[in-house]
Structure formats: C-alpha cells, structure tokens
Amino acid sequence: MRISIASDHAGFEQKQLLVDYLAAAGHDVADRGPDTDERVDYPDYAALVAHDVADGAAEAGVLVCGTGIGMAVAANKVHGVRAVNVINTQFAELAREHNDANIVTLSGRFVDVEENKRILDTFLSTTFGGGRHAGRVEKIMALECSVHPDGADGTADAAKR
C-alpha cells in the first residue's frame, strides 16, 4: 500500500520509527517531513499528506503530532479527506469500518510507539463495511459542498437556534 506520512516536531521521533516500521511491513512510504525535530507548523505537513490522499498519490495517510488532534482538524479541511484521531485499535477499526477514514492521526506524546504500531496495523488492514455506513459517509462528504442550513449567506435568527 502507498502511504503518505508526516509529523510536526512533537511527533517527529515516532514518525521516524513508524516510517521504518511501515516500510519493513512492505508498504511504499512517502515521508513528507519534517526532516528534523525543529519546531514547525503542523498544518503545513497535514496539508501535504491530505493532498496526497485526496489526489490519489497515496492510498492512506498517517500524521503524528503531540496529540493528533490538530493534525486531524487541519487534514479534514482538504476536500475528500476523512482524517480521524485514533488512540487505540478499537477506534482504528471502527474509523475504517464505519467511516471509511483515509488518514489516521496519532499522538506522539500520549500514546507509545508500540500502541501506535498496533493502531496502524489495524487501520491499514480494516476495510470499509459499506452497507448502512455508505449512506452516512456520503452525507459526511456532502457537507464539504453544503451551505449553512439557515441560508446561503450563513446568517440565522439567533432565536431559531
């Protein structure tokens, strides 16, 4: 599988270990950076991986920062991305099976590398369940093109909320 991976400074050490782990497992890994643990802005690296996945240059993405939260928020701004912050294997399985997630974001500070390896194994080996979940994923993806439910201009009467 072709996997695009990146981190920020907080996730750098684990990213390096995960690149080697994924490559040893036979995956084609594109390391999108950074190349050192010097402070960087995580949205820049989330965008690289998100665009790789959205454009089809990678089948899956992996992002590592301190918590994984900021990376997920940033990656989800790219059309076609369903990035999920995962802290255990059960979340990884459900994210793939129910949500057809295509990017996993990991915590380099609060989850140890061995657990993150198990999370990756689960995420990459679980397939989308389809069925009742397919319509829900379609609705999620339609949100990227939607207008505010109270009107095209995004305004609403506060009393209606």
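**Cysteines, two helices and an aromatic contact**

Cys 145 has a relative accessibility of 61% and therefore counts as exposed. In this predicted model, the contrasting case is Cys 65, which is classed as buried because its relative accessibility is 4%. A disulfide is a covalent bond that joins the sulfur atoms of two cysteines. The structure contains 0 disulfides.

Helix 1 comprises residues 12-24. Its 13 residues extend 19 Å from the first C-alpha to the last, close to the 18 Å expected at 1.5 Å a residue. The buried residues of this helix are Phe 12, Gln 14, Lys 15, Leu 18, Val 19 and Leu 22. Around the axis they occupy an arc of only 145 degrees, and so they lie on the same side of helix 1. Such an arrangement can be read against helical geometry: an α-helix has 3.6 residues a turn, so residues three or four places apart point the same way. The buried residues of helix 1 pack against strand 1, strand 2 (28-31), strand 3, strand 5 and helix 5 (113-125). On the face turned away from the buried side, helix 1 carries the exposed residues Glu 13, Asp 20 and Ala 24. Gly 26 follows helix 1 and has a positive phi, near 100 degrees.

Helix 2 was examined in the same manner. For its 13 residues (residues 42-54), a rise of 1.5 Å a residue predicts a span of 18 Å, and the end C-alpha atoms are indeed 18 Å apart, which agrees. Tyr 45, Ala 46, Val 49, Ala 50, Asp 52 and Val 53 are the buried residues of helix 2. Viewed down the helix axis, these residues fall within an arc of 155 degrees, so they line one face of helix 2. The elements that cover them include strand 1 (2-7), strand 3 (60-65), helix 3 (69-75) and strand 5 (103-107). Just after helix 2, Gly 56 adopts a positive phi of about 85 degrees.

Aromatic side chains were considered last. A search of the whole structure returned 0 aromatic pairs. A contact between a charge and a ring is nevertheless present, with Arg 96 placed over the face of Phe 123 at 5.8 Å from the ring centre.

Definitions and conventions:
Residues numbered from 1 in each chain as written. Predicted model: local features only at pLDDT ≥ 70, side-chain atom pairs only at ≥ 80, totals over all residues. Heavy atoms only, no water. Phe/Tyr/Trp six-rings, centres within 6.5 Å; stacked < 30°, edge-to-face > 60°. Lys NZ or Arg CZ within 6 Å of the ring centre and 35° of its normal. Helix = DSSP H or I, 4+ residues; strand = E, 2+ residues; numbered from the N terminus. Expected span 1.5 Å × (residues − 1). Buried < 20%, exposed > 50% of the residue type's maximum accessible area, 1.4 Å probe, protein only. Arc of directions from axis to C-beta. Contact = heavy atoms within 4.5 Å. Disulfide = S-S within 2.5 Å.
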